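Reader: Hi! Could you walk me through this model before I set anything up?
Author: Happy to, here it is.

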Amino acid sequence: MIIKKDPGTTKSYFEDSSNIKGGHAGEVVIPENIKELSSFMTEADDQKTPVTISGGGTGTTGSRVPFGGKVLSLEKFNNVIDLSAGSMAAVVEAGVLVEDLKGAAERAGLFYTSHPTERTAFVGGTVATNASGSRSFKYGSTRKYVKRLRMVLANGRILEIKRGERMLTKSDPRLDLGGGIAIEIPLPSYVMPNVKNSAGYFAKEGMDPIDLFIGQEGTLSVITEIEMALAKKPAGIFSSFAFFKNESDSWAFSEEIRKASGRGQASADVISGALSVEYFDKNALEILREHSPDVPDGSEAAVFFEQEIAEGAEGPISEKWLDLILKHNGSLDDTWAAMNEERARRFTEFRHNIPETINDIVRKSGFQKLSTDIAVPPDNFSNMMRFYATTFKERPIRHVIFGHIGECHLHVNVLPGSSEELAKAKDVCLSFIRKGVSLGGTVSAEHGIGKTRHQYLELMYGRQGLIDMARIKKALDPNCILGLDNIFPRNILSSA
Ligand SMILES: Cc1cc2nc3c(=O)[nH]c(=O)nc-3n(C[C@H](O)[C@H](O)[C@H](O)COP(=O)(O)OP(=O)(O)OC[C@H]3O[C@@H](n4cnc5c(N)ncnc54)[C@H](O)[C@@H]3O)c2cc1C
């Protein structure tokens with residue numbers, strides 16, 4: 001087991017992309033195998049030492065930033081144990097980089113569906129946050145692909161759960177820990193919104209217990225090994241950026257793709273089968289222009305989309321897309337298309353410049369990242385979009401909106417440049433949260449709650465919802481040592 005104490009080497013473990021300050025811990029512990037990890041947890045539990053689990057540190061909500069205790073890093077759990085085209089699945093340790101899983105899958109003719117755009121995240125981190133990416137439009141979030149988890153509980157016990165083996169119900173909420181021991185999971189009373197969702201613990205009558213540990217943000221267990229289903233690699237992917245002079249045209253274009261893909265009522269004459277449908281507002285285009293001066297002048301918005309294509313089908317497919325773009329007042333001149341993998345990869349990197357540049361702006365400003373991650377039901381999406389537009393008109397402040405418009409899920413980043421603007425930015429974000437919740441949405445569709453969004457989660461589920469989650473935590477981690485202040489503030493634990 002490696003132990004790091006030197007401030008020069010531990011500092012980087014006390015940060016993530018949220019830019020929250022003040023993270024600190026006595027030491028960073030890096031076990032080299034599950035036996036070491038289990039003994040470390042047993043000792044930490046006996047001594048009631050808080051433990052913050054560290055993945056790749058790309059999270060945006062401060063959830064891996066420790067405030068006391070010890071940091072546990074999974075960086076030595078970095079082996080791809082098995083990956084075969086026959087089983088259409090990979091078995092990986094939790095510290096494997098997303099980039100490495102993606103590469104290994106592709107070499108086997110398979111496809112890692114979750115596709116979070118940040119490649120330096122650990123696979124364990126993506127399970128702990130239920131991450132998703134641009135292609136979740138077709139494939140859904142990480143949760144859907146997790147078949148088995150091996151974990152170490154707070155007291156050092158090793159637990160393995162396979163999806164589908166048993167369910168938790170109100171009449172029988174027992175989770176079997178092995179060796180004849182079972183604990184009762186107090187199933188909560190809140191009801192999750194019917195949208196893409198990564199806010200708080202998964203909860204449903206008749207749920208698979210594995211789902212409790214996906215999106216738990218390091219509060220219930222240490223995930224060490226994951227069996228992840230993979231998909232068949234598409235024969236080809238057609239991808240394109242369509243730029244629009246009017247943002248409402250880009251919204252209508254996206255809505256038509258969404259409906260054609262079976263999300264809502266389909267209209268007869270449009271394309272189905274898109275992998276991703278991503279939106280960029282005018283301010284996001286300004287960022288993209290810094291990376292490519294070719295971004296067409298006068299564009300108010302853009303939509304990036306990808307579609308799986310069979311070999312030789314590029315021509316007819318691209319024609320269909322063009323018809324749709326023209327129908328919504330786009331033009332051939334203002335559309336970029338990628339017919340081969342290399343250009344498609346460049347498009348993906350180009351798109352990735354947006355969150356990276358925003359994170360740079362936030363870092364330089366010295367203020368905490370203020371962004372929302374709201375998804376609302378499709379019928380209420382245009383209402384939400386109008387609310388964003390009206391709010392920024394009435395209360396101008398630097399902002400960038402981009403993200404997964406196909407799933408009615410956008411990232412609104414508000415970028416304050418002074419303390420006065422920070423107060424305004426907080427207020428503006430809160431108004432978006434209230435609106436999103438009132439429209440039946442979630443306060444976090446993919447990034448989780450971490451340490452920066454407790455108030456948002458309380459607005460969504462009420463204080464009782466937070467207490468219900470704290471009860472689940474106490475059932476699995478009675479000494480409350482794992483991931484303190486993630487999802488709900490630690491003081492809720494005494495009310496649970
Ligand atoms: C530029 C950029 C782009 C991004 N794009 C996307 C995107 O497209 N989609 C998306 O969903 N997110 C995105 N993110 C956010 C981030 O990449 C994801 O949340 C990712 O899943 C975090 O993984 P990580 O390994 O970096 O976790 P960390 O930041 O290290 O940790 C996140 C949380 O997971 C817990 N954790 C980590 N490992 C384990 C484990 N083994 N067991 C239990 N708990 C654990 C930590 O304690 C913490 O609570 C982006 C971030 C950046 C900076």
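Author: What follows is a short chat about cores, cysteines and one helix.

Author: First, the ground rules: this is a predicted model, where local features need pLDDT of at least 70, side-chain atom pairs count only at pLDDT 80 or more, and totals for chains, interfaces and linings use all residues. Residues are numbered from 1 along each chain as its sequence is written, and side-chain values use heavy atoms, with hydrogens and water left out.

Reader: Thanks! How many residues does the largest nonpolar core have?
Author: It has 125 residues, and Met41, Leu149, Phe213, Ile226 and Leu476 have the most contacts inside it. A nonpolar core here is a set of buried Ala, Val, Leu, Ile, Met, Phe, Trp, Tyr and Cys residues joined through side-chain atoms within 4.5 Å. Buried means under 20% relative accessible area, exposed over 50%, and partly exposed in between, with a 1.4 Å probe and protein chains only.

Reader: And which helix gives the most to this core?
Author: That's H13, residues 454–476, with 10 residues. Helices (H or I, at least four residues) and strands (E, at least two) are DSSP runs numbered from the N terminus.

Reader: What is Leu149 in contact with?
Author: Leaving aside neighbours within four places in sequence, the contacts of Leu149 include Val127, Leu159, Ile161, Phe213 and Ile226, and also Glu160 and Glu225. Contact means heavy atoms within 4.5 Å.

Reader: Which residues does the second, separate core include?
Author: Phe280, Leu288, Val362 and Phe402 are among its 22 residues.

Reader: Switching topic: how many disulfides does a search of the whole structure find?
Author: Zero, where a disulfide is a pair of cysteine sulfur atoms within 2.5 Å.

Reader: Why is there no bond for Cys408?
Author: Because the closest cysteine sulfur, in Cys429, is 20 Å from the sulfur of Cys408, too far for a bond. Cys408 counts as buried because its relative accessibility is 2%.

Reader: Is Lys35 buried or exposed?
Author: Exposed, because its relative accessibility is 67%. Lys35 lies in helix H2, residues 34–46.

Reader: Last one: which residues of helix H3 are buried?
Author: In H3 (residues 98–107) they are Val98, Leu101, Lys102, Ala104 and Ala105. They cover an arc of only 170° around the axis, so they sit on the same side of H3; the arc is that of the directions from the helix axis to the C-beta atoms.

Reader: What do those buried residues pack against?
Author: Strands E5 (80–84), E6 (89–93) and E7 (110–111), plus helix H4 (123–128). After H3 comes Gly109, with a positive phi near 75°.
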